[in-house]
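Q: Please take a close look at one part of this model, how its strands are arranged. Then carry on from there to the helices, hollows and loops that deserve attention.

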Amino acid sequence: GLSSCLHRLPSARRSAAVMPTPLRPRRLLLRGCMLGCAAAAAVATSESVSIYKVGFPDLELCGQEDHVTKSPLNPHWFFPMTFGGFHEGNCSDVGYTKYARTQPIAMHGHNLTFDLYGPTQTPTIDLSVEDPSRGRKVRMKLCLPLLQAAGQVRYPLYIFGHGAGCSAEDYIYFCQVAAVASVYHDSPVGPLFPADFDTAAAAADMAFLSVRLPEMAQDPSSPLHEKLDGTVILGGHSMGGGTTVLATGGQKVQPSGVAMFAPGLFTKPDARPFLHNVTVPAIVVVGAMDCGSNSLEKQARPAFNGLRSADKALVVVKGANHCQWTQPSEPFLGVCSTFARSECHRVSHAEQHAAGQRLLAAFTRFLQPSSGRSWEALERDLAIGEAEGTWTFVTSRSPPGKRVRSDCPCDGDLGVGIGAQEGEQLLV
């Protein structure tokens, strides 16, 4: 601190430094000492992060450096992040999970060690389809798994609605599990902020695509040609979860299932009255440290309780929050990229994404007709994750005493019973 810095001065100078004096050199000496100590403190308290860049150092790979001190005073973080096109996080966040090699690379006069990864999902493309019944061009970001697991060449289709103030590209990590069509419409303020809040139109877009995209899979000119297995899942994050309810319960389409992450039912029109129209299998996922307006008690549990699905699950991922379901891609402003960075959490982005991918994969295996898997098999998958300490869960078949756990507020521990009445909170 300042006192230790001052004690490194000669005694006469130290005495002068702490006494008011009109002499400018001594003021400069004290100011320099204070700045130096502040800089040292900033470095000491900075967190260690990973940074990555797609196309570095080879065009077909993603380079990732771990254990980088996050500080503007550290040139190995500041210059790559500010001028080099690097991002904070992991290559796995953008679909590069196949380890290639570890390579030292000279940067800023030092040899830095990068882990290099190859892609496990296709490049994301911008696709638009005309809906003649509304005279509307429906737009989406589309990507698919790249690696064929055990000879698999066809995949489930996951039609996704983004969160408020988030971009369609923020969720492309799900493309490692399914063919993802992330629906969006151009923001009226351009790239400055993703102001895409028309949930009624987005719900109609999702309903339209649930029929049109499987049809396109029969067209040899389509990027989906012979890529879909017939399973159609509707879902989304936050506002996109409420949009899913509007599409399934309001537009009354019948997908194979719905998968919602931290759903927000505060759409226009409000999604709550349409919950009872949803009867297809459903999974609702929320973070245990999602403690704002989308918390377990405020949104996820009411959504779970309101669905009339015979088979449904509510999963609470430990240490996860609201915005880490995204991988922010906004070039300027975004709700999760700009305004929610201080959200509490106990797992990293990569860990939360991995939990989401794992849950979606388990749910899709249950839904795929060729898998022959029962709901009981899905519950066994959920039980394994619970035993590992990754999440807690309840389903429509759980015994009344089984509970899910939340950590809201962040310094507390609150559990909600599956049989609790609306608004009832049960301490565990």
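A: In this predicted model, five strands form an open sheet. Their order is β3-β1-β2-β5-β4, and the pairing is antiparallel. The edges are β3, residues 87–88, and β4, residues 96–107. Each of these two edge strands has a partner on one side only. In general, strands of a sheet are held to each other by backbone hydrogen bonds, and the pairing is either parallel or antiparallel.

Look inside the sheet at the pairing of β2 with β5. Strand β2 covers residues 62–69, and strand β5 covers residues 110–119. The two run antiparallel and share 3 bridges. One facing position can be named: C62 stands opposite Y117 of β5.

Follow the chain out of β2. K70 sits in the loop between β2 and α4, the helix of residues 75–83. K70 is partly exposed, because its relative accessibility of 27% falls between the 20% and 50% cut-offs. K70 also has a partner from elsewhere in the chain: E47 is 23 residues away in sequence, yet the two C-alpha atoms are separated by 5.6 Å.

Now the second largest pocket. Its space comes to about 390 Å³. The lining has 15 residues, and V54, V94, T124, E169 and I172 are the closest to the pocket's centre. By type, the lining holds 8 nonpolar residues, 6 polar and 1 charged.

Next, helix α5. This helix runs over residues 199–216, which makes 18 residues. From first C-alpha to last it reaches 24 Å. At 1.5 Å a residue, 26 Å would be expected, and the actual span is close to that. The helix is kinked all the same: the bend is about 35° and is centred on L209. Of the 18 residues in α5, 13 are buried, so the helix is largely enclosed by the rest of the structure. As background, an α-helix has 3.6 residues a turn, so residues three or four places apart point the same way.

Helix α5 also leads to the interior space. There is 1 cavity of 30 Å³ or more in the structure. The largest cavity holds about 110 Å³ of space. Its lining counts 16 residues. Nearest the centre are H162, V183, D196, A202 and M239. Three elements each give at least two lining residues: β9 (179–184), α5 and α6 (239–250). Of the lining, α5 provides the largest share, 4 residues. The make-up of the lining is 6 nonpolar, 6 polar and 4 charged. The charged count is 4 for this cavity, against 1 for the second largest pocket.

The loops around α6 come next. In general, most residues other than glycine have a negative phi, and most peptide bonds are trans. S238 has a positive phi of about 55°, although it is not a glycine. S238 lies in the loop between β10, residues 228–237, and α6. With a relative accessible area of 7%, under the 20% cut-off, S238 is therefore buried. K252 is another such case, with a positive phi of about 60° in a residue that is not a glycine. K252 is placed in the loop between α6 and β11. Here the surroundings are open: at 62% relative accessibility, over the 50% cut-off, K252 counts as exposed. The two loops thus offer a contrast, with S238 buried and K252 exposed.

Two cis peptide bonds follow. One joins K268 to P269, with omega near 0°. P269 belongs to the loop between β11 (257–261) and β12 (282–287). The other joins C408 to P409, with omega near -5°. P409 belongs to the loop between β15 (403–406) and β16 (414–417).

Finally, Q327. This residue is found in the loop between β13 (312–317) and α8 (335–339). Q327 is a loop residue, yet at 9% relative accessibility it counts as buried. Q327 and Y173 lie 154 residues apart in sequence, while their C-alpha atoms are 8.0 Å apart.

Key
Residues are numbered from 1 along each chain as its sequence is written. This is a predicted model: local features need pLDDT of at least 70, side-chain atom pairs count only at pLDDT 80 or more; totals for chains, interfaces and linings use all residues. Side-chain values use heavy atoms; hydrogens and water are left out. The expected span of a helix is 1.5 Å times one less than its number of residues. The bend at a residue is the angle between axes fitted to the seven residues ending there and the seven starting there. Buried means under 20% relative accessible area, exposed over 50%, partly exposed in between (1.4 Å probe, protein chains only). On a 1 Å grid over the protein atoms alone, a cavity is a set of points where a 1.4 Å probe fits but cannot get out, and a pocket is an open set with protein on both sides within 12 Å along at least five of seven lines; lining residues have an atom within 4 Å of a point. Grid points are joined across faces, edges and corners, and a volume is the space filled by probe spheres set on the points. Ala, Val, Leu, Ile, Met, Phe, Trp, Tyr, Cys and Pro count as nonpolar, Asp, Glu, Lys and Arg as charged, and the others, Gly among them, as polar. Two strands pair if DSSP finds at least two bridges between them.
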